[in-house]
Amino acid sequence: MGTDFYVHETAVVDAGASIGSGTRIWHFCHIMPGAVLGPECNIGQNCFIANGVTLGRNVKVQNNVSIYEGVDCADDVFIGPSVVFTNVLNPRSAVNRKDQYRKTHIGTGASIGANATIICGHNIGSYAFIGAGAVVAHDVPAYALVVGNPAKQIGWMSAYGQRLVFDEQGTALCTESGERYSLINNEVIRVE
């Protein structure tokens, strides 16, 4: 573990955790020994990051989030306040199911809104946008906008987080960046 990151005096970072350069860990956090946090991450107050969790570069974890074993996040992921992750489908206090943890992958640039729940064993595609309070119990395609309980797709989002409106030819422009997107066979592709 290097020293070119910040850990608040009330946080606990266990020996064996890997913390990237420029990462900031705020009040009352606990980072377990097998956690890997990439560079330039920001971990808000009162967060827990378990063994086996991997966060890429520039991952923002807002206050009151517990990220359990089996979750991995690519670069530039945003996890809103009080987001909930699970890692077992049918937990029971009296039954040990540590060998049944299911993997959850969050793709590059995805955003998860406040108080959303991510049921384990699913992939959230790159630049997907999970609305606040959504309960995700299935895979979410790249650039998809999902809301509700259970989460349902209601549209598409750009890499800048703007709604995409596709014309009859399956083309849309991001109103913020001007980037062009194509919708082909229900899959969004950013046109370079």
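Q: In this predicted model, what is the order of the 6 strands in the open sheet with parallel pairing?
A: Six strands build an open sheet. Their pairing is parallel. The order is β3-β6-β9-β12-β15-β18.

Q: Which strands are the edge strands of that sheet?
A: An edge strand here pairs on one side only. Two strands fit that description. They are β3 (18–19) and β18 (123–124).

Q: Which residue in β9 is the bridge partner of Leu37?
A: Strand β6 (residues 36–37) pairs with strand β9 (residues 54–55). The pairing is parallel and has 2 bridges. Within β9, the bridge partner of Leu37 is Leu55.

Q: Which residues touch the most other members of the largest nonpolar core?
A: This core holds 50 residues. Strands β12 (71–73) and β21 (144–147) each supply at least two of them. The residues that touch the most other members are Ile43, Leu55, Phe85 and Ile130.

Q: Which residues does Leu55 touch, leaving out those up to four places away in sequence?
A: Leu55 is one of the core residues that touch the most other members. It is also the bridge partner of Leu37. Beyond four places in sequence, Leu55 touches Val36, Leu37, Gly38, Cys41, Ile43, Ile49, Val61, Ile67 and Cys73.

Q: Which strands stand at the edges of the open sheet of 10 strands?
A: The sheet has mixed pairing and runs β1-β4-β7-β10-β13-β16-β19-β21-β22-β23. Each edge strand has a single partner strand, so one side of it is left without a neighbour in the sheet. The edge strands are β1 (6–7) and β23 (163–164).

Q: Which residue in β21 is the bridge partner of Ile130?
A: Strand β19 (residues 129–130) is joined to β21 by 2 bridges. The two strands run parallel. In β21, the partner of Ile130 is Val146.

Q: Is Ala116 buried or exposed?
A: Ala116 sits in the loop between β16 (111–112) and β17 (117–118). Among the residues it touches are Ser82, Val83 and Ile130. Its relative accessibility is 0%, and buried means under 20%. Ala116 therefore counts as buried.

Q: What distance separates the C-alpha atoms of Ala116 and Pro39?
A: These residues are 77 residues apart along the chain. The distance between their C-alpha atoms is 25 Å.
Both values describe the pair Ala116 and Pro39, with the separation in space being 25 Å.

Q: What kind of peptide bond joins Asn149 and Pro150?
A: Most peptide bonds are trans. Pro150 lies in the loop between β21 and β22 (152–157). For the bond from Asn149 to Pro150, omega is about 0 degrees, and the bond is cis.

Q: What is the phi of Ser82?
A: Most residues other than glycine have a negative phi. Ser82 is found in the loop between β13 (78–79) and β14 (84–85). Ser82 is not a glycine, yet its phi is positive, at about 60 degrees.

Q: What is the relative accessibility of Asn64?
A: Asn64 is found in the loop between β10 (60–61) and β11 (66–67). Its phi is positive, near 65 degrees. Asn64 counts as partly exposed because its relative accessibility is 40%.

Q: What distance separates the C-alpha atoms of Arg180 and Glu192?
A: Arg180 lies in strand β25 (residues 180–184). It is partly exposed, with a relative accessible area of 41%. Arg180 and Glu192 are 12 residues apart along the chain, and their C-alpha atoms are separated by 7.6 Å.

Technical notes:
Residues are numbered from 1 along each chain as its sequence is written. This is a predicted model: local features need pLDDT of at least 70, side-chain atom pairs count only at pLDDT 80 or more; totals for chains, interfaces and linings use all residues. Side-chain values use heavy atoms; hydrogens and water are left out. A nonpolar core is a set of buried Ala, Val, Leu, Ile, Met, Phe, Trp, Tyr and Cys residues joined through side-chain atoms within 4.5 Å. Buried means under 20% relative accessible area, exposed over 50%, partly exposed in between (1.4 Å probe, protein chains only). Helices (H or I, at least four residues) and strands (E, at least two) are DSSP runs, numbered from the N terminus. Contact means heavy atoms within 4.5 Å. Two strands pair if DSSP finds at least two bridges between them.
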